Amino acid sequence: MERLKICMVSDFFHPGLGGVEMHIYQLSECLIQRGHKVIVLTHKRGQRQGVRYMRNGLKVYYLPFLPFHDNCTLPTFLSFFPLIRKVLLREAVDIVHGHQATSNLAHECILHARTMGYHTIYTDHSLFGFADAACIHVNKLLKFFLTNVEHCVCVSHTNRENLVLRAALNPINVSVIPNAVDTRRFQPDASQRSKKPWVTVVVVSRLTYRKGVNLLVGAVPEICRRHQHVRWLIGGSGPKQLLLDEMIERENLHDRVELLGAVPHEDVRKVLVRGHIFLNTSLTEAFCIAIVEAAACGLMVVSTNVGGVPEVLPPHMTKLAAPRVDAVVEALEDALLSLPPPEAAQSVHEEVEKMYSWQDVAERTERVYREVVLKPSIPLRERFLRFLRVGPVSGKLFILLVALDTLLCWFLDWWQPREEVEMAWDSPAWRPFEVWLSILFRVPGVDFTVTKTN
C-alpha cells in the first residue's frame, strides 16, 4: 500500500511526561514500523532545540517557540506560519495530525496546513466542561479550529460525546480509537511485592487538583486507621504535593506512606510491581492509561467512576467509586477483601495484552488516514462559509482570520515558491543499520543528532 507521510503536532511531547506525550510517541513508532514516514512538531524544551532523531527513525522538530503557560505556546495565529510552512514543504507531508485541545501549536498548525491544502486530523485526549470561563473559552476556540479538520479521533466513547457537544461536530466524522499500553514493558513480578501481612497501595499520578489529590489526602489516613497492615507508595509531583506532606506530618504516617517524587515513565513499572492495589482518584479522565499499565502489571485497580474510566477495564479488574472520600475508602476496603492470588497476575496481564495493543491502534489510525486522503479538497468559498457556524459575530471574525491566513499563504508562495524549498533527506524505509552507516560516513546535509528513549 502507498506510504503516507504524517506530521504529528502538539505542545506536549518528549521529554515531557504524560498520556498525550506517550500516545504520540508510541503511535508514531508503530506507524513507522508499518512503513510510513512520521515526523513530530513541538516547541523547544530547555536546550532541546532543532532536529532530533529518536528510536526507529522518528524525526522531531523542536521549533524555537517558547512555552507560555502549562507547556503551551502563546497563541499568535499567524506568526508561526512561515516556519511551519517550510517544515511541511521540506518533509512533503500528506497528513497533519494534531493532538490535545489545549495545544495551541497543534491548532495553529492545523489551520495553516488546511490553508496550504493538506489533509488534517485531530485527536482529543481530555474531557472539558461547559460552565466555567476557561472551558467556554477553550470550547469556542476548539469549535473554530476543528472547522479546518476533516476527521477527529477520541480515546473513549465518553470523550467522543463530550467533543461532539463541545465543538458542534457531525458524529459521523468522529471515531473512537483508545489508548494502549506496551505490555512488553509492563510485566508482572509478584516477587517484588511486600510479604504478608503487608498490602501496598500504589499511586502514580501528577499531584494536581484534576487528579483528585484532595480525595487521596482524605482516604490515606482513614485506610491507615482501619487497616494496620496497609502501606502506601505514592509517585508523582505537582502543586498539590504540599497537601500530602502536611497530611503525613499531621497523621504521623512517615512509616506507612512513602513519597517517591517525580517518576520517569521508564521507571513506572518498577514502582507498580511493588504494589497489590493501584489507586486512581482523578476527577476527570477521558481514558486513563495509568490504570491499564497497573492492570498489565497484575494489580487490582481502584478508581473514581468518572469520564471514560468505566470503559477501560472489565469489572473483575477494577473497583469503581464515586469521587468522594467515603466512596473511595469503601472501594479500597472492598479491594483489600478480594485481592486475587499472586499467580493470577500473569493471566490478567495476558488479558490486558489482548485488549490494548499499539499495533491495533496504529492499524485503526491508518484506516482513518486512508479515508481522509481520499476526500476531495473543498473550494475556498465553502471553507469560509463553514466558519459561520461558529457564531453570528465570532464566525465573521474567524472568516477574517482565515482570509488573512490565506493571503499570507499566497504571499509566502510568491516570496518563496514551493518548488524552491529544499527537500529534507528521506529514507524510503527506516533501517537502524543504515542510519549508523550514514552517521559513520557523514552523509552531507543531514543532522544526525540521535536521542535514544525508552
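Guide: Welcome! Two strands pair if DSSP finds at least two bridges between them, and strands here are DSSP runs of E with at least two residues, while helices are runs of H or I with at least four, both numbered from the N terminus. This is a predicted model, in which local features need pLDDT of at least 70 and side-chain atom pairs count only at pLDDT 80 or more, while totals for chains, interfaces and linings use all residues. Residues are numbered from 1 along each chain as its sequence is written, and side-chain values use heavy atoms, leaving out hydrogens and water.

Visitor: How do you know that strand 1 and strand 2 pair, and in which sense?
Guide: Five bridges link strand 1 to strand 2 (residues 37–43), in the parallel sense. The definition asks for at least two bridges, so they count as paired. Within strand 2, Ile-39 stands opposite Cys-7.

Visitor: How many bridges join strand 1 and strand 7?
Guide: Strand 7 (residues 95–99) pairs with strand 1 over four bridges, again parallel. Ile-6 has Ile-95 as its bridge partner, and Cys-7 has Val-96.

Visitor: What makes strand 1 "largely enclosed"?
Guide: Buried means under 20% relative accessible area, exposed means over 50%, and partly exposed lies in between (1.4 Å probe, protein chains only). Four of the five residues of strand 1 (residues 5–9) are buried, so the rest of the structure largely encloses this strand.

Visitor: Which hand does the unit of strand 1, helix 1 and strand 2 have?
Guide: Together with helix 1 (residues 19–33), the two strands form a right-handed β-α-β unit. The word applies if, with the strands pointing away from you, the path from the first strand over the helix to the second runs clockwise.

Visitor: What is the strand order of the open sheet of eight strands?
Guide: The order is 3-4-2-1-7-8-9-10, with mixed pairing. Strand 3 (50–53) and strand 10 each have a single partner strand, so they are edges with one side lacking a neighbour in the sheet. On average, neighbouring strands are turned by 25° against each other, direction ignored; axes are lines fitted to C-alpha atoms, for helices over the stretch in contact, and angles run from 0 to 180 degrees between N-to-C directions.

Visitor: Where is Gln-100, the residue in a loop?
Guide: Gln-100 sits between strand 7 and helix 3 (104–116). Most residues other than glycine have a negative phi, and most peptide bonds are trans. Gln-100 has a positive phi near 80°.

Visitor: Why is Gln-100 called buried or exposed?
Guide: Its relative accessibility is 8%, so Gln-100 counts as buried. Ala-168, in the loop between helix 5 (157–167) and strand 10, also has a positive phi, about 55°. With a relative accessible area of 42%, Ala-168 is partly exposed.

Visitor: Is the peptide bond from His-14 to Pro-15 cis or trans?
Guide: The bond is cis, with omega near 15°, and Pro-15 lies in the loop between strand 1 and helix 1. The bond from Lys-196 to Pro-197 is cis too, with omega near 5°.

Visitor: What is the pairing in the open sheet of six strands?
Guide: The pairing is parallel, in the order 13-12-11-14-15-16. Strand 13 (257–261) and strand 16 (318–321) are the edges, each with a single partner strand. Strand 14 (residues 277–280) and strand 15 (residues 300–304) pair over four bridges, with Leu-279 opposite Val-302 in strand 15.
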